[in-house]
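Please open the model in a viewer and keep the selection panel at hand. The tour proceeds by selections, each followed by a description of what is found there.

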Amino acid sequence: MSDDFDLLETESNSKQDKVEVNWGKAVDQMKSKLAQEDDPEMRQKILNATLDDVVGMAEKDRASLLDAIKDLTDYQEEVGIIFEKFSTLNEAEQKVIDRAQSKLERAKLALEDAEKVKDNWWNNLWGRKSRIKKRETELKEAQKEREDADIKAKQMFQQRIETADIQTLLSELSYKSQAAVSRLKNREVEIREVEDKLQDAIVEASKNHTKALQKKKETEDKLEEQYALLKQARQELEEIADKQSTEYSEAIGKITQLEQKVEELEGLKNAYTTLAASKDSFVHKHNLTIKVLTSLRSNLQTHRAKLKSDTDERLKYYDGYVVALKARTDQEFAAILEHLGVKTDEHIGQTLAAMHSASAKARQEMMDNIPVHEKVMQGVYSSYAESLQEIREKDALIQKDFANRYGIDMKEIFEEYYASSTGGDGGTPKKDEPSETPGTPEGGEDDLLS
């Protein structure tokens, strides 16, 4: 920690525009909002909490934060705090304000340039006055657009935070706290400046009070002299016997002048008395005001120091809260993956088990079907043998017919053919070796059969 660190440090180097605050009912409204949070079931909720319960609690936190941010934003507008200096605006929201501000500044410069043109008949002939009027209209439009930009940016901001997560809302709350620290510091500077002015005013009022008392004393001394002279003049007037004489008229004139002088001095005496009383009153008033302002400034310092320190700590606290929420989400995600993994393992196991049982059953069916296949094949071979027997009988008739009709003995040819096709035993063909289709006899001498 550096040596110059001081939570209560108040500098007057950097000053912002002073904003008049109408505290009124706004403070009471905010107090009532803050006093509404009272949940007697909180302990039971903590004792019986599950991860699913945390979701509802976090959502309640988000809803409460959202309401608080909305109320704070409305409160800023109600007490005259500049919106964009107390809210974290994103790029789009800030651009709305920046564009309007830039247009306003250009309109001001354009009007200044138009007004700088010398006012003479030649420039007026070439439209100097009309250009000034046009620039004034553009400036009014730019000022109106600048005001509308604040409203539009605020609407965009409100719409954005409607769906904002807790982290965004906590960031907004922290930003407002940091902005409030700067505002409190500026207010302390303002109070200090007023205190200094009031101290100077007390000194000046004290001087004027002293001067007024001195002037009053001087006036009272002069008034005593004039009273004495007036008394003497009145005595002299009484001593004049001839009321119609010039001496009598001069004595009356002298008394009149003295009475007039006394009246003037009485007026000055009253004026200096009133002035002295007024200055003395303001000395006490200024002194009381300084005491009140000093007390307020001290309280502002306390609030600012605590808010600044707490905000710094709160940022870390909020980071922990956000990370905890993310960890809870990751934990739930891991639980979901674990559940899905178990289910997947279960399904794969079922499939593999089904594969094994199905394979075993298929093997059994294959083994069971072997005798059936053999029986079928026996039928096939039996039919084959019967067919060969019929063919053999028919071949005998054909041989006989050939011998009788053409004198050709076909017996040896057919016997040789059947001997080769039946394995040489002259009986039923072997099961495993069905005879092939009769082809060209060995030797290939007959070209017609080649």
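Begin by selecting arginine 192, which is partly exposed because its relative accessible area of 38% falls between the cut-offs of 20% and 50%. The model in view is a predicted one.

Add glutamate 195 to the selection. Glutamate 195 forms a salt bridge with arginine 192, and the closest N and O atoms are 3.5 Å apart. Both residues belong to helix H7 (residues 166-239), where a spacing of 3 residues places them about one helical turn from each other. Is glutamate 195 buried or exposed? Its relative accessible area is 3%, so glutamate 195 is buried. Now include Arg297 as well: Arg192, Glu195 and Arg297 are linked in a network of salt bridges.

Next, move to helix H8 (residues 246-406) and select glutamate 313 and lysine 316, which both lie in this helix, 3 residues apart, or about one turn. A salt bridge joins glutamate 313 to lysine 316, with 3.9 Å between the closest N and O atoms. Glutamate 313 has 46% relative accessibility and therefore counts as partly exposed. Lysine 316, at a relative accessible area of 55%, is exposed, because the cut-off for that class is over 50%.

Continue to helix H6 (residues 128-162) and select arginine 146 and aspartate 150. Both residues lie in H6, 4 residues apart, about one turn of the helix. They form a salt bridge in which the closest N and O atoms are 2.8 Å apart. Arginine 146 is buried, its relative accessible area being 13%, whereas aspartate 150 counts as partly exposed at 25% relative accessibility. In general, side chains of opposite charge can pair when their charged atoms come close. To place these pairs in context, the salt bridges in the model come to a count of 16.

Keep H6 displayed and add helix H4 (residues 91-116). How are the two helices, H4 and H6, arranged relative to each other? H4 and H6 pack at an angle of about 170°, their axes being 8 Å apart. Since angles over 145 degrees count as roughly antiparallel, H4 and H6 are therefore roughly antiparallel to each other. H4 passes H6 in a left-handed crossing. Finally, colour the contact of H4 with H6 by residue class: there are 16 nonpolar, 2 polar and 13 charged residues.

Note on methods
Residues are numbered from 1 along each chain as its sequence is written. This is a predicted model: local features need pLDDT of at least 70, side-chain atom pairs count only at pLDDT 80 or more; totals for chains, interfaces and linings use all residues. Side-chain values use heavy atoms; hydrogens and water are left out. Axes are lines fitted to C-alpha atoms, for helices over the stretch in contact, and angles run from 0 to 180 degrees between N-to-C directions. Angles under 35 degrees count as roughly parallel, over 145 as roughly antiparallel, 65 to 115 as roughly perpendicular and the rest as oblique. A crossing is left-handed if the near helix is turned anticlockwise from the far one by less than a right angle, and right-handed if clockwise. Ala, Val, Leu, Ile, Met, Phe, Trp, Tyr, Cys and Pro count as nonpolar, Asp, Glu, Lys and Arg as charged, and the others, Gly among them, as polar. A salt bridge is a side-chain nitrogen of Lys or Arg within 4 Å of a carboxyl oxygen of Asp or Glu. Buried means under 20% relative accessible area, exposed over 50%, partly exposed in between (1.4 Å probe, protein chains only).
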